[in-house]
Amino acid sequence: MEFLHAIIVLSNFVVIPAIAYGSQLALGALGVTLVYGILRFSNFAHGDTMAFGTMVAILFTWWFQSIGVSIAPLPTALLALPIAIVVTAALLLGTDRVVLRFYRKQKSAPVILLIVSLGIMFVYNGLVRFIIGVGDQRFSDGARFIISARDFKKLTGLDEGLAIKTTQVITVITAILVVAILFWFLNRTRTGKSMRAFSDNEDLALLSGINPERVVLYTWLIVAALATIAGTLYGLDKSFKPFVYFQLLLPIFAAAIVGGLGNPLGAIAGGFLIAFSEVFITYAWKKVLMYTLPEQFAPSGLMQLLATEYKFAVSFAILLVVLLFKPTGLFKGKSL
Amino acid sequence: MNENIKTYFLFSAVFLLIVITGFVQSWNSALFILNMGLISAVMSLGVNLQWGIAGLLNVGIMGFVGLGGLATVLVAMQPVPEAWNAGGTRILLGLIFGVVTIALSVLIYKKIKNASWRFISISIFLISGFFIYKSILTPGVIAVEAVNPAATGYLGGLGLPVLFAWPVGGLLAAGAAWIIGKTALGLRSDYLAIATLGISEIIIAILRNEDWMTRGVKNVAGIPRPVPYEIDLQASEDFVNRAANFGLDPTTASTLFVKIAYAGLFGLVLLLLVWFSQRALKSPWGRMMRAIRDNETAAEAMGKDIKSRHLQIFILGSAVCGIAGAMMTTLDAQLTPGAYQPLRFTFLIWVMVIVGGSGSNLGSILGGFLVWFLWVQVEPIGYWLVDLITAPMDPDSPIRLHLLDSVAQMRLLTMGLFLLLMLRFYPRGMIPEK
């Protein structure tokens, strides 16, 4: 019984939130890794791309809410998601046309493109703050819980509750769907194969008649979809604040590098690794230990390894360990 | 010769902009722009050392600047004896234990050759070390933070003159740079960027959360100044008489005098650093650095140790940023850990370096002044512009109000566009490297 309680507490506070957070990170890291693999630079504007996409989704959610359209019990934001993806894709393609194409034609060094992406980051960040402001926005509606802690207790007669939020389930299902479609696209379709060929060997791909501009176009379309979905899911699960999205850049990059930059499978594994370590290390373990340890060993403190504010330190530490011992990442990534 | 005239022209133009600010707005704000411009110029000089001369991508400037700020608190504030009695030694012991643990684990790493044994023993050692460290530290921290939390609640500093904090800030930043450089240098340039981004967030998180050291978000106010206080000046008869000779009332004269005194100190530091940087750039060492930047393989073939050269210049550049951070906190006379934002303290410095001209010391100084000037002035100009454009609208229309409200965010947009345009059309900057 005690042990069962411990497992419930653990899944309520650690496993389920970490799975949801991991899915969001994985989707973000997939976007970073695709840009890195195909366009060959580290895109620092990715966090702000996510913020932009989420902002558009929020604006349309508000509009839908005001005219009374809803898909309850699901959050309205899901309805706004396709529109947000289209708008974000238009922004990314516009940016590519106006800014990035020039450097691609020049065959600029990746590090120059990185600095260009800093400029793009500034512009997107300014846009988002200009349009929606810097404040916190909550936009999730519909049913809040699939099963709330109280219902769970009543149902099972246990002392500990297990709450599953709707947004968590939506996050995981969407992430699985998106990843499945992405891998099907990359591995089965002609365009996807040409993208992989372009990523593996640009010259050889060009030689076999692959149109580079077409590859770039599809990459941005996919990145727009991934970034918007990841951002909206994160915003639904927690809340939307432009600065937080900028800060997500660090765990996302850590996830992409840990998995091996340029490797989509690695990005997913990296996302979950980072999310689980972050939640594990910043969680206060007191309750779990109380249930699992004999009474005389019961801990007196919170048993929290690190304060929540230090969650960046976790992604950073994992990043350092991987860089020190396996610089190409856990799965084989590219190294330029 | 032509180049020199252009340089003089550009610098006088920026100087003129500041003077115009003095006439149009007020001399107080002109001197504020000048002082922060001097500090920004020092920061961009440091980043230029790393990026312009060595090609190292540091996007963690904010962290090094924050360490400089921490140095001013640790050096200049008066110690709090009650807090030291309550738990100071305990905290000190805990920190020493932490350092020893890490040093020993490095030793284990070097001694044990078998990879899996090494991993297991280091993990066990570090994890148990971490728990012992926490059990030593935490009671001390709780005790210290309980001592009069509204006024102190921290250990205080050494009570030394604040000017000592500037080199100490440089040393702290150099130490952090050493740790980063040791791990991330020698890998791809993007990895260094991510690693520095990470360390800067961690440093700022430490400043915000370790109340026993920095009072966290409660801020440390009233850091002693290297220049006289306005009130003392106003009380001095001599000063009041001299001010009257210039036709100024004592209040205005004292604030201006204090700002000018700061400008003198900062200018001195900047001149010293420019002199060093220019000498370094023209020396064999500088040529070697540029050779490494332009062609690593060739430089390595000539027998240059690239990794340690990179480490050297990375530490030097970060130390310069640390000095600038200490100067900035000295100017503010308070440490506000909540105010460190990466866009302002990392990426804006990048705009300065790129706009000014990467690889050119004078260029990055010019960029520092110009971009800082724009950063301050875009808001009033933007407000005026939006007001003008939306003037035909109803004065209470929500669009107009929203636009006027969001003008403050316009500076990010402007800076981004400025950076992109410069990169596109003048990638070598306003004063290009020779």
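Which residues have the most contacts inside the largest nonpolar core? Keep that question in mind while you open the model, which is a predicted one.

**Stop 1: the core**

Select B:Val42 and B:Met327. These are the residues with the most contacts inside the largest nonpolar core, which has 205 residues. Next, select helix H2 of chain B, residues 27-53. This helix supplies the largest share of the core, 15 residues.

Now stay on B:Met327 and show what surrounds it. Leaving out residues up to four places away in sequence, B:Met327 touches B:Ile39, B:Val42, B:Trp166, B:Phe266 and B:Val269. B:Val42, the other residue named at the start of this stop, is thus one of the contacts of B:Met327.

Apart from the largest core lies another one, of twelve residues. To find this other core, select B:Val80, B:Ile91, B:Val144 and B:Tyr154, which are among its members.

**Stop 2: where the chains touch**

Colour the two chains separately and look at where they meet. The contact takes 35 residues from chain A and 35 residues from chain B. Which helices of chain A each supply at least two residues of the side that touches chain B? They are helix H3 (77-106), helix H4 (110-132), helix H11 (249-259) and helix H14 (311-325). Select H4(A) before the others: it gives the most to this side, with 14 residues. By class, the side of chain A that touches chain B has 26 nonpolar, seven polar and two charged residues.

**Stop 3: a residue in H14 of chain A**

Select A:Ser315, which is found in helix H14 of chain A. Is A:Ser315 buried or exposed? A:Ser315 counts as buried, because it has 28 C-beta neighbours inside 10 Å. Leaving aside neighbours within four places in sequence, A:Ser315 is in contact with A:Leu250, A:Pro251, A:Ala254, A:Ile274, A:Glu278 and B:Gly198. The last name in that list belongs to chain B.

For a distance across chain A, add A:Phe145 to the selection. A:Ser315 and A:Phe145 are 170 residues apart along the chain, and their C-alpha atoms are separated by 29 Å.

**Stop 4: a residue in H12 of chain A**

Move to A:Ile281, in helix H12 (residues 264-282) of chain A. A:Ile281 is partly exposed, because 16 other C-beta atoms lie within 10 Å. Not counting residues up to four places away in sequence, A:Ile281 touches A:Leu305, A:Leu306 and A:Val314. Draw a line from A:Ile281 to A:Thr167 as well: the two are 114 residues apart in sequence and 23 Å apart in space, C-alpha to C-alpha.

**Stop 5: two helix pairs**

Two packed helices are described by the angle between their axes and the distance between the axes.

Begin with helix H2 (residues 46-67) of chain A and H3(A). Their axes come within 8 Å and cross at roughly 135°. That angle makes H2(A) oblique to H3(A). The crossing of this pair is right-handed. On the H2(A) side, select A:Phe52, A:Val56 and A:Phe60, which are among the residues that make the contact. On the H3(A) side, the residues include A:Leu81, A:Ile85 and A:Thr88. The residues of this contact divide into 15 nonpolar, four polar and no charged.

Then go to chain B and select helix H1 (residues 2-24) and helix H16 (residues 361-389). They pack at an angle of about 25°, with their axes 10 Å apart. How does H1(B) lie against H16(B), roughly parallel or oblique? H1(B) is roughly parallel to H16(B), and the crossing is left-handed. B:Thr7, B:Leu10, B:Phe11, B:Val14, B:Leu17 and B:Ile18 in H1(B) meet B:Leu362, B:Leu366, B:Phe369, B:Leu370 and B:Phe373 in H16(B). By class, this contact has ten nonpolar residues, one polar and no charged.

**Stop 6: two loop residues**

Select A:Lys107, in the loop between H3 and H4 of chain A. Its phi is near 55°, a positive value in a residue other than glycine. A:Lys107 counts as exposed, because it has 6 C-beta neighbours inside 10 Å.

Finish at B:Arg215, in the loop between helix H8 (211-214) and strand E1 (220-221) of chain B. Phi of B:Arg215 is near 65°, also positive in a residue other than glycine. With 24 C-beta neighbours inside 10 Å, B:Arg215 counts as buried.

Methods. Residues are numbered from 1 along each chain as its sequence is written. Chains are lettered from A and ligands numbered from 1 in the order in which they are written. This is a predicted model: local features need pLDDT of at least 70, side-chain atom pairs count only at pLDDT 80 or more; totals for chains, interfaces and linings use all residues. Two residues are in contact if their C-beta atoms, placed from the backbone, lie within 7 Å. Helices (H or I, at least four residues) and strands (E, at least two) are DSSP runs, numbered from the N terminus. Ala, Val, Leu, Ile, Met, Phe, Trp, Tyr, Cys and Pro count as nonpolar, Asp, Glu, Lys and Arg as charged, and the others, Gly among them, as polar. A nonpolar core is a set of buried Ala, Val, Leu, Ile, Met, Phe, Trp, Tyr and Cys residues joined through C-beta atoms within 7 Å. A residue is buried if 20 or more other C-beta atoms lie within 10 Å of its own, exposed if 12 or fewer, and partly exposed in between; C-beta atoms are placed from the backbone. Axes are lines fitted to C-alpha atoms, for helices over the stretch in contact, and angles run from 0 to 180 degrees between N-to-C directions. Angles under 35 degrees count as roughly parallel, over 145 as roughly antiparallel, 65 to 115 as roughly perpendicular and the rest as oblique. A crossing is left-handed if the near helix is turned anticlockwise from the far one by less than a right angle, and right-handed if clockwise.
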